[in-house]
Amino acid sequence: MVHIGLFFILVLLFFIPFIKEPISLEKKKLILVNIALAALTYGIAMEFVQKSWIPNRSFDFFDIVADGTGSFLPLIPARQIIDRGNKSSK
């Protein structure tokens with residue numbers, strides 16, 4: 001649950017500056033997906049760092065699953081946030 005929550009917040013915080021930007025809805029969706037992919041890549045990399053370079057830490061596949069879940073969960077509320085941002089800018 002911690003990994004899901006942290007990655008959810010991470011992705012949303014990186015996406016917030018793009019909500020009211022005057023760019024198309026499709027571009028905003030693409031930006032959000034790219035942020036989520038970057039967060040997931042970071043989570044995977046950190047598992048390998050833990051495995052290889054941090055004593056008493058190990059690689060955990062389920063941490064990657066939780067990181068991925070947390071990274072892509074913001075796609076659900078982001079649709080509403082984007083729509084609300086687009087309506088207020090019109």
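Helices (H or I, at least four residues) and strands (E, at least two) are DSSP runs, and they are numbered from the N terminus. The structure is a predicted model, in which local features need pLDDT of at least 70 and side-chain atom pairs count only at pLDDT 80 or more, while totals for chains, interfaces and linings use all residues. Residues are numbered from 1 along each chain as its sequence is written, and side-chain values use heavy atoms, with hydrogens and water left out.

**Exercise 1. Place isoleucine 44 and phenylalanine 59, and state how far apart they are in sequence and in space.**

Step one is to find the elements: isoleucine 44 belongs to helix H2, whereas phenylalanine 59 sits in the loop between H2 and H3.

Step two is the separation, which is 15 residues along the sequence and 9.4 Å in space, taken from C-alpha to C-alpha.

Step three concerns exposure, where buried means under 20% relative accessible area, exposed means over 50%, and partly exposed lies in between (1.4 Å probe, protein chains only). Isoleucine 44 is partly exposed because its relative accessible area is 30%, and phenylalanine 59 counts as partly exposed because its relative accessibility is 32%.

Step four looks at contact, which means heavy atoms within 4.5 Å. Leaving aside neighbours within four places in sequence, phenylalanine 59 is in contact with Glu47, Phe48, Lys51 and Ile64.

**Exercise 2. Describe the nonpolar surface patch and say which helix gives the most to it.**

First, recall that patches are made of residues with over 30% relative accessible area and no salt bridge, like charges being joined within 9 Å and nonpolar side chains (Val, Leu, Ile, Met, Phe, Trp, Tyr) within 5 Å. Accessible areas come from the Shrake-Rupley method with a 1.4 Å probe, and for residues only the protein chains shown count as cover.

Next, list the members: Ile44, Phe48, Phe59, Phe61, Phe62 and Val65 together make a patch of about 570 Å². Two or more residues come from each of helix H2 (25-53) and helix H3 (61-72), and H3 gives the most, with three residues.

Finally, consider one member in more detail: valine 65 lies in helix H3, and valine 65 is called partly exposed because its relative accessible area is 37%.

**Exercise 3. Identify the residues of the largest nonpolar core and the helices that supply at least two of them.**

Begin with the term itself: a nonpolar core is a set of buried Ala, Val, Leu, Ile, Met, Phe, Trp, Tyr and Cys residues joined through side-chain atoms within 4.5 Å. In soluble globular proteins, nonpolar side chains tend to be buried together.

The largest core here has eleven residues, namely Phe7, Val11, Phe15, Ile19, Leu25, Ile31, Leu32, Ile35, Ala39, Ala78 and Ile82. Helix H1 (2-15), H2 and helix H4 (75-89) each supply at least two of these residues, and H2 gives the most, with five.

To see one member among its partners, take alanine 78, which touches Phe15 and Leu32 when residues up to four places away in sequence are not counted.

**Exercise 4. Decide whether alanine 36 is buried or exposed, and name its contacts.**

Alanine 36 is placed in helix H2, and alanine 36 counts as buried because its relative accessibility is 0%. With residues up to four places away in sequence set aside, alanine 36 touches Val11, Ser71 and Phe72. Alanine 36 and leucine 73 are 37 residues apart in sequence, yet 9.0 Å apart in space from C-alpha to C-alpha.

**Exercise 5. Find the side chain of opposite charge that is nearest to aspartate 63.**

Start from the rule that a salt bridge is a side-chain nitrogen of Lys or Arg within 4 Å of a carboxyl oxygen of Asp or Glu. For charges, Lys and Arg count as positive and Asp and Glu as negative, whereas His and the chain ends are not counted.

Aspartate 63, found in helix H3, is buried yet has no salt bridge, and the nearest side chain of opposite charge is arginine 57, at 5.4 Å. Apart from residues up to four places away in sequence, aspartate 63 touches His3 and Glu47.
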